[in-house]
Amino acid sequence: MRSRMGVLAVTGLGLCLTSCAQVTKELKKANLGGDVNRVVAASEKVQSCDKLKVEPAIQEEYALGSALAIHWAQQGGGLMLAGAAEERLSTYVNTVGRNLAMQSPRPELNWTFGVLKDTKRFNALSAPAGYVFVTQGLLQGVDNEAQLAGVLAHEIAHVVLKHALNQYVSVKVSKCKLATGATAIASIGASMLLDASQLDGRLDLDANTGLMGEMVEGTVEAFGKGNRRDEELAADALAVELLLSAGYDPGAYSLLLGKTTGDGGLWANHPSKKDRQAQIDRLVQERREATDPLARVDVASLQRPALPAAFAIVGPGKKSTGVAKDAK
């Protein structure tokens with residue numbers, strides 16, 4: 001008994017000097033038996049969950065994105081697609097959105113844009129694999145096409161920068177580690193997570209609806225906390241580049257941000273609208289003064305096109321409350 005305790009004591013001192021994986025390896029070599037060996041086995045499982053920290057395969061991204069898109073559509077009261085007038089509006093939003101998406105680093109995605117029937121919230125949402133939605137309430141507050149383009153470009157940027165996928169990967173790892181600590185695996189989904197952690201870390205969400213449900217639920221919960229300040233600013237920065245590439249005036253998007261209520265968004269970790277506007281102004285000015293003639297922007301040539309007649313279907317310009325929220 002004393003010899004075993006001595007081994008544990010020495011190993012414990014080494015915790016400060018060696019990695020968790022190395023400690024586990026040493027404990028395993030010691031072959032202390034009983035409870036200690038079971039602890040070692042559990043530790044190995046927890047460590048294997050870190051193998052899930054890999055970029056999802058494109059099939060996995062599409063599966064997650066489509067499921068989240070259905071969730072957002074349901075939460076937003078469905079899509080505006082009833083009748084010819086609503087279809088014209090949807091076609092217009094898709095045309096503007098896809099033009100911007102083609103300027104992005106991921107033009108190959110099957111980009112899909114839609115208008116949610118929600119009239120109460122000034123809201124924009126996106127999901128992996130190129131799904132972007134705006135609410136009818138947001139469209140009621142838009143003055144021109146450049147403002148709409150700014151909102152769509154911001155959401156496109158979240159997809160391109162894979163902010164939602166990063167949250168999804170964190171959900172996979174945390175759920176896997178919870179499963180390793182359970183006395184019995186609570187679901188088939190948890191079992192598949194553990195299996196994936198032993199392989200390449202990727203999941204076949206289409207093959208198991210239970211696993212799909214768990215991942216969507218966990219990702220939606222993570223989305224509820226909002227994106228980090230740096231992610232929001234990064235999305236705005238890329239949005240400016242997309243707007244300039246498409247010939248839109250980013251100043252219009254800045255004005256739209258100025259019309260939103262609150263300061264910092266729905267979450268405390270969001271940047272203030274003043275910080276976002278200042279960054280947009282700075283980025284445009286840098287492009288205006290660029291020494292490289294190919295990077296230089298002629299601000300006078302940037303456009304703020306009028307909204308088409310199809311936009312009348314969204315209703316009168318009622319003032320929606322709140323700020324544009326991201327659930328990317």
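**Reading helix packing and cores in a predicted model**

Author: Helix H11 passes helix H13 in a right-handed crossing. This crossing belongs to a predicted model, and it will serve as our point of entry.

Reader: How should one read the packing of two helices, and at what angle do H11 and H13 pack?

Author: Two packed helices are described by the angle between their axes and by the distance between those axes. In this structure, H11 (residues 229-246) and H13 pack at about 40°, and their axes lie 10 Å apart. H11 and H13 are therefore oblique to each other.

Reader: Which residues of H11 meet H13?

Author: From H11 come Arg229, Glu232, Leu233, Asp236, Ala237, Val240, Glu241 and Leu244. Their partners in H13 are Asp275, Arg276, Gln279, Ile280, Leu283, Val284 and Arg287. By class, the residues of this contact between H11 and H13 comprise seven nonpolar, one polar and seven charged.

Reader: Asp275 appears in that list. Is Asp275 buried or exposed?

Author: Burial is read from relative accessibility, with buried meaning under 20% and exposed meaning over 50%. Asp275, a residue of helix H13, has 35% relative accessibility and so counts as partly exposed. The C-alpha atoms of Asp275 and Leu233 are separated by 8.7 Å, while their positions lie 42 residues apart in the sense that they are 42 residues apart along the chain.

Reader: At what angle does H12 pack with H13?

Author: Helix H12 (residues 250-259) packs with H13 (residues 273-288) at an angle of about 170°, and the two axes are 9 Å apart. That angle makes H12 roughly antiparallel to H13. The contact joins Pro250, Tyr253, Ser254, Leu257 and Gly258 of H12 to Lys273, Arg276, Gln277, Ile280, Asp281 and Val284 of H13. Sorted by class, the residues in the contact of H12 with H13 are five nonpolar, three polar and three charged.

Reader: How many residues of H12 are buried?

Author: Seven of the ten residues of H12 are buried, and the helix is thus described as mostly covered. Those buried residues are Pro250, Gly251, Ala252, Tyr253, Ser254, Leu256 and Leu257. They pack against H7, H11 and H13.

Reader: H7 is new to me. How do the axes of H7 and H11 cross?

Author: The same two quantities apply. The axes of H7 and H11 cross at roughly 125° and come within 8 Å. This makes H7 oblique to H11, and their crossing is right-handed. H7 contributes Ala146, Ala149, Gly150, Ala153, His154, Ile156, Ala157, His158 and Val160 to the contact. H11 contributes Glu231, Glu232, Ala235, Asp236, Leu238, Ala239, Leu242 and Leu243. The contact of H7 with H11 has eleven nonpolar, three polar and three charged residues.

Reader: Let us turn to the nonpolar cores. Which residues touch the most other members of the largest core?

Author: A nonpolar core is a set of buried nonpolar residues joined through their side chains. The largest one here has 47 residues, and Leu100, Trp111, Leu139, Leu152 and Ile156 touch the most other members. The elements giving two or more residues to this core are helix H5 (83-101), strand S1 (112-116), strand S3 (131-135), helix H6 (136-139), helix H7 (145-160), H11, H12 and H13. H7 supplies the largest share of this core, ten residues. Apart from it lies another core, of 24 residues, among them Ala67, Leu68, Phe133 and Leu205.

Reader: Which residues does Leu100 touch?

Author: Leaving aside residues up to four places away in sequence, Leu100 touches Ala149, Leu152, Ala153, Ile156, Leu242, Leu243, Ala246 and Tyr248.

Reader: Can a loop residue be read in the same manner? Where is Met80 found?

Author: Met80 is found in the loop between helix H4 (58-75) and H5. With 3% relative accessibility, Met80 counts as buried. Beyond residues up to four places away in sequence, Met80 touches Glu86, Leu89, Ser90, Val115, Leu116, Lys117, Gln136 and Ile313. Met80 and Ser90 are ten residues apart along the chain, and their C-alpha atoms are separated by 7.2 Å.

Reader: Finally, how many helices and strands does the chain have?

Author: The chain has 13 helices and three strands. Of its 328 residues, 48% are buried. Among contacts with a separation of 6 or more, 71% are between residues 24 or more positions apart.

Terms used:
Residues are numbered from 1 along each chain as its sequence is written. This is a predicted model: local features need pLDDT of at least 70, side-chain atom pairs count only at pLDDT 80 or more; totals for chains, interfaces and linings use all residues. Side-chain values use heavy atoms; hydrogens and water are left out. Axes are lines fitted to C-alpha atoms, for helices over the stretch in contact, and angles run from 0 to 180 degrees between N-to-C directions. Helices (H or I, at least four residues) and strands (E, at least two) are DSSP runs, numbered from the N terminus. Angles under 35 degrees count as roughly parallel, over 145 as roughly antiparallel, 65 to 115 as roughly perpendicular and the rest as oblique. Contact means heavy atoms within 4.5 Å. Ala, Val, Leu, Ile, Met, Phe, Trp, Tyr, Cys and Pro count as nonpolar, Asp, Glu, Lys and Arg as charged, and the others, Gly among them, as polar. A crossing is left-handed if the near helix is turned anticlockwise from the far one by less than a right angle, and right-handed if clockwise. A nonpolar core is a set of buried Ala, Val, Leu, Ile, Met, Phe, Trp, Tyr and Cys residues joined through side-chain atoms within 4.5 Å. Buried means under 20% relative accessible area, exposed over 50%, partly exposed in between (1.4 Å probe, protein chains only).
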